[in-house]
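Colleague: Got a minute to walk me through this model? I'd like to go feature by feature and hear the reasoning behind each call.

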Amino acid sequence: MTLLILYGNPYFVSLPPVFIRRYNAWMNNVKYVFVTGGVTSSLGKGIIAASLAKLLQAQKFRVTIQKFDPYINVDPGTLNPYEHGECFVTEDGAETDLDLGHYERFLNVNTSQANNVTTGRVYKSVIEKERKGEFLGKTVQVIPHITNEIKNRMMLLGNTGDYDIIITEIGGTVGDIESLPYIESVRQLVWELGKSKVVVIHLTLVPYLASSGELKTKPTQHSVKLLMESGLSADILVCRTDRPLGAEIRHKIALYGNVYPDDVIESLDVCTIYDVPLKMLEEGLDRQVLKKVGIDSENEVDLFHWKDFLYKIKNPKKKIRIGLVGKYVELTDSYKSILESFIHAGAKLHTQVDVEFIHSADINDSSVDSILEGLDAVLVAPGFGSRAINGKLIAVRYVRENSIPFLGICLGMQIAVIEYARNHHGILGADSTERNPNTDFPIIDLMTKQKKIFAKGGTMRLGSWDCTLSEDSLVAKSYGTTSIRERHRHRYEVNSQLVDQIFGENLQIVGVNPETDLAEVIEISNHPWFVGVQFHPEYKSTVSQPHPLFVSFIGAGIKHRERRNTHL
């Protein structure tokens with residue numbers, strides 16, 4: 001039985017799933033845009049999706065984006081950062097794909113658990129329903145049971161009545177065996193809802209061959225052919241290229257791609273991802289999408305603040321160098337939100353932030369001076385495990401003793417506490433039980449609620465939590481308030497039973513969770529700018545709202561650079 005709301009009245013009815021989806025689409029009048037990719041991965045489907053959403057949002061449409069990932073993990077929370085880059089955390093505690101970070105940064109709208117779906121989550125849900133007998137003894141198959149589950153999730157946000165347009169990014173590339181159920185689900189939705197409600201955008205690559213001196217359309221042709229072999233036709237082709245396509249190439253792609261020339265959108269390489277919305281506006285991507293679903297928008301595309309942000313990025317008045325000390329620096333996507341937060345805050349301060357990636361394994365007592373000397377500020381990044389921790393400890397001691405602005409995030413904060421206990425108080429055995437379970441001084445310990453949890457996936461302290469700041473603290477001044485709410489992703493915390501032995505006049509706990517009294521923020525009062533936070537401020541920084549902590553941190557870096565130049 002299914003609950004239907006008809007003219008405000010509830011009715012329980014027994015209807016085929018296809019009817020329910022058609023009914024919901026009719027009642028909510030939501031349009032669905034799907035973004036697929038071909039030829040190769042990492043072409044930028046997430047940026048294209050976010051850029052389109054930004055253009056539609058700028059025309060007063062209510063829009064959101066969701067990502068469907070084909071891997072069998074239930075979520076990326078247990079994936080190594082080298083495998084999949086950063087794990088982004090939403091307000092409601094979902095561990096999601098890093099593209100959701102792009103969605104939030106472009107739109108300044110929070111995403112949720114519903115915005116990221118994986119094959120693992122889909123199959124887990126279907127299997128649980130089968131175990132409960134919900135399929136009434138039917139043989140459970142990819143079609144229709146898996147595809148029905150996928151389609152229901154594709155339409156979930158649209159059924160809320162909160163949005164006019166839902167953009168769905170399909171992970172992977174067309175032709176991957178893992179992506180087939182998603183492509184099939186989109187094909188079925190086109191048939192169920194009709195072309196007036198669904199638009200399919202296919203992102204592809206048009207490479208340039210230097211040996212022949214020409215752009216080659218064959219990869220795009222093959223990619224479109226694979227898509228059509230799956231029963232799905234692209235309505236719009238977005239072509240990644242490093243040089244203009246030209247009218248002849250566009251016409252050729254349109255002919256072989258079975259679209260009109262106006263539906264071939266050129267996506268030139270740009271110097272920053274924040275240029276892409278303006279490029280897509282020039283190409284008319286938003287106009288073509290609205291035309292396909294029968295919407296005649298008369299609203300002006302208001303991108304004044306976006307253009308102002310871009311101007312500040314490209315015309316900085318100052319420049320600073322920040323060292324990012326981490327364990328996964330070989331893949332910079334591991335710290336994607338931090339890097340974007342630097343850009344947002346830098347633009348607000350008219351400052352170009354040059355980031356130097358420093359592997360903590362490269363730092364030792366003899367190398368630390370040559371590696372960190374000359375930096376204007378240092379951030380010690382989050383991470384897990386015991387590998388390369390010593391380098392982080394040495395880095396923190398160096399910046400503390402040399403009055404270099406410091407920001408420690410999650411593990412970075414914990415390292416700062418351990419370093420202070422060892423080198424200021426002489427408690428050489430101070431450590432984290434994550435790295436040394438038998439330490440005599442577990443200043444960082446597993447949270448009490450975590451000690452009976454053994455499953456790894458989705459069991460950390462996740463999502464948004466309240467924090468109360470000390471009124472006269474540097475961090476409170478940065479935020480402009482003493483009551484904040486930030487996102488977390490961790491299992492270990494400062495051990496409240498040992499805080500009296502290391503915190504005091506200089507090292508202070510200036511932020512606590514009001515419910516648990518756990519330490520969330522630390523500062524060193526006799527240092528120009530030394531802050532550690534247990535939460536992840538980078539998750540909440542957006543183009544229109546740079547995070548105040550990053551703004552303050554970069555401001556401290558600017559002052560440090562000016563002081564150093566004065567003494568030269």
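What follows is a run of questions and answers on local features of this predicted model.

Colleague: Let's start with helices α5 and α6: at roughly what angle do their axes cross?

Modeller: Helix α5 covers residues 119-131 and helix α6 covers residues 142-154. Their axes come within 10 Å of each other. The crossing is right-handed, and the angle is roughly 120°.

Colleague: Which residues make that contact, and how many of them are charged?

Modeller: On the α5 side you have R121, V122, Y123, S125, V126 and K129, and on the α6 side V142, H145, I146, E149, I150 and R153. Sorted by class, the contact has 6 nonpolar and 2 polar residues, and the number of charged ones is 4.

Colleague: Where is the cis peptide bond, and what is its omega?

Modeller: Most peptide bonds are trans. Here a cis bond joins I143 and P144, and P144 is found in helix α6. The omega of that I143-P144 bond is about 20°.

Colleague: On to N108: is it buried, partly exposed or exposed?

Modeller: N108 sits in the loop between α4 (99-107) and β7 (116-118). Its phi is positive, near 60°, though it isn't a glycine. Its relative accessibility is 33%, and buried would need under 20% while exposed would need over 50%. That makes N108 partly exposed.

Colleague: And C410, with its positive phi: buried or exposed?

Modeller: Most residues other than glycine have a negative phi. C410 has a phi of about 55°, and its place is the loop between β17 (406-409) and α16 (411-423). Because its relative accessible area is 5%, C410 counts as buried.

Colleague: What does E169 touch beyond its sequence neighbours, and how far is its C-alpha from that of D99?

Modeller: E169 lies in strand β8 (residues 165-170), and it counts as buried because its relative accessibility is 2%. Leaving aside neighbours within four places in sequence, E169 is in contact with V35, K45, G46, Q66, K67, F68, D99 and Y103. D99 is 70 residues away along the chain, and the C-alpha separation is 9.3 Å.

Colleague: Which residues does P76 touch, setting aside those up to four places away in sequence?

Modeller: P76 is in the loop between β4 (63-69) and α3 (81-84), and its relative accessible area of 3% is why it counts as buried. Its C-alpha is 8.9 Å from that of T118, which is 42 residues along the chain. The residues P76 touches are Y71, H84, C87, E95, T96, D97 and N116.

Colleague: What about T272, which residues does it touch with the same neighbours set aside?

Modeller: T272 belongs to the loop between β13 (264-268) and α10 (276-283). With a relative accessible area of 14%, it falls under the 20% limit, so T272 is buried. Not counting residues up to four places away in sequence, it touches L310 and K314.

Colleague: Is E282 buried or exposed?

Modeller: E282 lies in helix α10. Its C-alpha is 9.6 Å from that of E266, and the two are 16 residues apart along the chain. Its relative accessibility is 58%, above the 50% limit, so E282 counts as exposed.

Colleague: How far apart are the C-alpha atoms of D445 and S432?

Modeller: D445 has its place in strand β19 (residues 441-446), and it counts as buried because its relative accessibility is 18%. S432 is 13 residues away along the chain, and the C-alpha separation is 5.8 Å.

Colleague: Now the rings: how many aromatic pairs are there, and which residues form a cluster with F106?

Modeller: Rings pair if their centres lie within 6.5 Å. By that rule the count comes to 12 aromatic pairs. One aromatic cluster holds F106 together with Y274, W306 and F309.

Colleague: Last one: which arginines lie over the faces of Y208 and W465?

Modeller: For a charge to sit over a ring here, CZ of Arg has to be within 6 Å of the ring centre. Over Y208, at 3.5 Å from the ring centre, lies R243. Over W465, at 4.5 Å from the ring centre, lies R461.

Terms used
Residues are numbered from 1 along each chain as its sequence is written. This is a predicted model: local features need pLDDT of at least 70, side-chain atom pairs count only at pLDDT 80 or more; totals for chains, interfaces and linings use all residues. Side-chain values use heavy atoms; hydrogens and water are left out. Axes are lines fitted to C-alpha atoms, for helices over the stretch in contact, and angles run from 0 to 180 degrees between N-to-C directions. Helices (H or I, at least four residues) and strands (E, at least two) are DSSP runs, numbered from the N terminus. A crossing is left-handed if the near helix is turned anticlockwise from the far one by less than a right angle, and right-handed if clockwise. Contact means heavy atoms within 4.5 Å. Ala, Val, Leu, Ile, Met, Phe, Trp, Tyr, Cys and Pro count as nonpolar, Asp, Glu, Lys and Arg as charged, and the others, Gly among them, as polar. Rings of Phe, Tyr and Trp (its six-membered ring) pair if their centres lie within 6.5 Å; planes under 30 degrees apart count as stacked, over 60 as edge-to-face and the rest as tilted. A charge sits over a ring if NZ of Lys or CZ of Arg is within 6 Å of the ring centre and within 35 degrees of the ring normal. Buried means under 20% relative accessible area, exposed over 50%, partly exposed in between (1.4 Å probe, protein chains only).
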